[in-house]
Amino acid sequence: MNKKIKAVVYNLAKGVITKKEVAAISSVNKEGPFDVLPQHANFISIIKNELILYPTLNSPEKIPLKLGIFKFIKNEAKIYLSVEQTVPKTTSKTSQPENQ
């Protein structure tokens, strides 16, 4: 039995943020906080607020986020974080080309 989860965290604007084996993963979805341990059932969820990776159970690594997609299949987690997390929003309400 595998005692670690293969986790890859992607930012849609920057690519891979981190790739590592972890003992557990925690986050929040519309139902509330949840935890994933090795051999968890497969699922996909929209996540919010934060993602916590545990390389060991006593060493949490927190990643703040606005929204993301959490996909867990066959003991592999792929987490896709929203572009809004790292790309500033423009304040302009019009969409005119810059050269005008």
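A residue counts as buried when its relative accessible area is under 20%. With that cut-off in hand, here are three exercises on this predicted model.

**Exercise 1.** Work out which residues of strand β3 lie on each side, and whether those faces are covered or not.

*Solution.* Start with the strand itself: β3 spans residues 24-29, and 6 of its 6 residues are buried. Next, recall that side chains in a regular strand alternate between the two faces of the sheet. Now sort the residues: Ala24, Ser26 and Val28 go on one side, while Ile25, Ser27 and Asn29 go on the other. Each of these residues is buried, which leaves both faces of β3 covered.

**Exercise 2.** Find the strands that pair with β3, and place Ser26 between them.

*Solution.* Take β5 to begin with: this strand, residues 43-54, pairs with β3 in the antiparallel sense over 5 bridges. Within β5, Ile52 is the bridge partner of Ser26. Then turn to β4, residues 32-36, which runs antiparallel to β3 and is joined to it by 5 bridges. Here Ser26 stands opposite Asp35. Finally, look at the connection: a hairpin of 2 residues links β3 to β4.

**Exercise 3.** Decide whether Thr18 is buried or exposed, and list its contacts beyond four places in sequence.

*Solution.* First locate the residue: Thr18 belongs to strand β2, residues 15-22. Its relative accessible area is 16%, and the cut-off for buried is under 20%, so Thr18 is buried. Now set aside the neighbours within four places in sequence; the contacts of Thr18 are then Ala7, Val8, Val9 and Leu53.

Notes
Residues are numbered from 1 along each chain as its sequence is written. This is a predicted model: local features need pLDDT of at least 70, side-chain atom pairs count only at pLDDT 80 or more; totals for chains, interfaces and linings use all residues. Side-chain values use heavy atoms; hydrogens and water are left out. Buried means under 20% relative accessible area, exposed over 50%, partly exposed in between (1.4 Å probe, protein chains only). Helices (H or I, at least four residues) and strands (E, at least two) are DSSP runs, numbered from the N terminus. Two strands pair if DSSP finds at least two bridges between them. Contact means heavy atoms within 4.5 Å.
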